[in-house]
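This report goes through selected features of the structure shown below, written for a reader at the bench. Helical, core and sheet features are taken in turn.

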Amino acid sequence: MAKYLPVGVCCALAAALIASSSDAQPQFERQANGVIHAGGYTFDSWGAYLGSDYFKANGLRCKTGTSKAGPSPKGSQADCSFLATNPAGEYAPEVERYRIPVVVHVIMNTNGDGALSDAMILSQIDVLNEDFLALPASSGADGTDVQIEFYLATEDPDGQPTTGITRSTNNDWFDDVANYKSVLAWDTHRYLNIYTNTAGGALGYAILPQYNAAGNSQDGVVILHAAFGKDSGFVPYDLGRTATHEVGHYLGLLHTFESGCDDAAAPGCYNTADLICDTNPEAFENYGCPAAATSCNASPDPIHNYMDYTDDACMFEFTPEQARRMRCSLLNWRPSLYQIAEPDDTGGGAIESSRANGFIQDGHGLVLTAPAGTGHSWYRGGVPIVTEGERLTGVDSPSLIFDPVLESDAGIYTCAFNNGNKALVETAPFTLMVLPPNSLPAGAWISIAALMAAITAFTLRLFRRSQAE
Ligand SMILES: [Zn+2]
């Protein structure tokens, strides 16, 4: 077996990943003095390693296998197979929110390397939610609200209370060899298992669900311990986006540069390259944050997409079609993994619900979020909206925040902004209706199909105010 695989086949089949996980011979080793041995080379620091041609040429930014030689699609799994994506309306984030329980398995060596505090683990869960829910005022705010939420499991597979964190000390496991997953994994049908160790010298890797991964003990996500959590100090991979990227794979996404330049137009872009049309074609991965990258044609490379290889600080979005493919993958390939959030489910964050819904009760909080871009300006009935202290903010940002909303806020809202092509565009009008306080019983919601078409340009999010009401 070659010492390491050439670029063209860096992404081995997941089956190969599974089979090789018990091979001895770590290809990656980091000594106590910080010296790193990898692939027959020696590097004197993390910085030297991460910046090396070896790291890049071997795809170690992420070694998730994305070969499309997966199982034959069947049933509605065909909507998000290895061959194609069908971004049908039933996969729209507006339909409902899904919650995924997570168990984090922290693996250390006998020197104590790899230790992670509970706070650092919680910060990683926070980053996943910021990025997958595009939470306002977070670094993921400008992305697409995928309406998939993550929380540390509160019940273990035996139904016992748990923190959702396990810790183990084992030198082989820390080196990402030996079959630690077969020992540590919690039912992979029902839990997202995240392991932290050296990830075999990569920043991370995962197994796409299209390999029929759910239920296999090897299913899950592996993250380099140093790149796990927020503000880890592991610049430029210090903001927790390695996990965002790997969980993107875990939910069925391919790299934006998968198979190089694809058809730019539908329908070809749904069954070539990354199987997604609203990510611009990209010939090869980008590192750093190269604003002028245009690897396929005049269109900008999707350097801000979580599924490229750019720095954590450069990434801030999944696209709407990536969101639909992930939700399709969850529904059809991981059907036992999620719960549907109740409308008033506070989950682990500040979000009360996200049903696309034009009604809200006076006194609740509300965020209207327009698509990403620059120079956002909000209008009510065609008249520019003016900030009102802390109650009404974001009039010049993608997210207009009401805290609380008042009956007098009812009206027709639009947002004008510059899109990525610097063209001034305006959202479809959104009709907001505000009901008197306490006019709905707790947890009650009204479905307004007629409004849905107008809402599609928005993410509508209701949140529970922090103080008692
Ligand atoms: Zn990847």
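In which helix is Asn-129 found? In this model, which is predicted, Asn-129 is found in helix H4, spanning residues 118-132. Is Asn-129 buried or exposed? Because 22 C-beta neighbours lie inside 10 Å, where 20 or more are required, Asn-129 counts as buried. Although Asn-129 and Gln-147 are 18 residues apart along the chain, their C-alpha atoms are separated by 9.1 Å.

**Nonpolar cores**

In soluble globular proteins, nonpolar side chains tend to be buried together. The largest nonpolar core here has 82 residues, and the members that touch the most others are Ile-100, Val-102, Leu-203, Val-221, Ile-223 and Ala-227. Strand S4, which covers residues 98-108, supplies the largest share of this core, namely eight residues. Leaving aside residues up to four places away in sequence, Leu-203 touches Leu-60, Arg-61, Cys-62, Leu-224, Ala-227, Tyr-237 and Thr-242. Apart from the largest core lies another one of twelve residues, including Val-367, Ile-401, Phe-417 and Val-434.

**The S16-S17 hairpin**

Ile-401, a member of the twelve-residue core, also belongs to strand S17 (residues 399-402), both faces of which are covered. In a regular strand the side chains alternate between the two faces of the sheet. In S17, Ser-399 and Ile-401 lie on one side and Leu-400 and Phe-402 on the other, and all four of these residues are buried. Strand S17 forms a hairpin with S16, with five residues between the two strands, and Gly-394 in the turn has a positive phi of about 85 degrees. Thr-393 has Ile-401 as its bridge partner in S17.

**The three-stranded sheet**

Strands of a sheet pair through backbone hydrogen bonds, either parallel or antiparallel. An open sheet of three strands follows the order S1-S2-S3, and its pairing is antiparallel. Strand S1 (28-30) and strand S3 (41-43) are the edge strands, each of them pairing on one side only. On average, and with direction ignored, neighbouring strands of this sheet are turned by 15 degrees against each other. Phe-28 has Ala-38 as its bridge partner in S2.

The table sets out two strand pairs, one from the hairpin and one from the sheet.

| Strand pair | Residues given | Sense | Bridges |
|---|---|---|---|
| S16 and S17 | S16: residues 392-393 | antiparallel | two bridges |
| S1 and S2 | S2: residues 36-38 | antiparallel | three bridges |

Key:
Residues are numbered from 1 along each chain as its sequence is written. This is a predicted model: local features need pLDDT of at least 70, side-chain atom pairs count only at pLDDT 80 or more; totals for chains, interfaces and linings use all residues. A nonpolar core is a set of buried Ala, Val, Leu, Ile, Met, Phe, Trp, Tyr and Cys residues joined through C-beta atoms within 7 Å. Helices (H or I, at least four residues) and strands (E, at least two) are DSSP runs, numbered from the N terminus. Two residues are in contact if their C-beta atoms, placed from the backbone, lie within 7 Å. Two strands pair if DSSP finds at least two bridges between them. Axes are lines fitted to C-alpha atoms, for helices over the stretch in contact, and angles run from 0 to 180 degrees between N-to-C directions.
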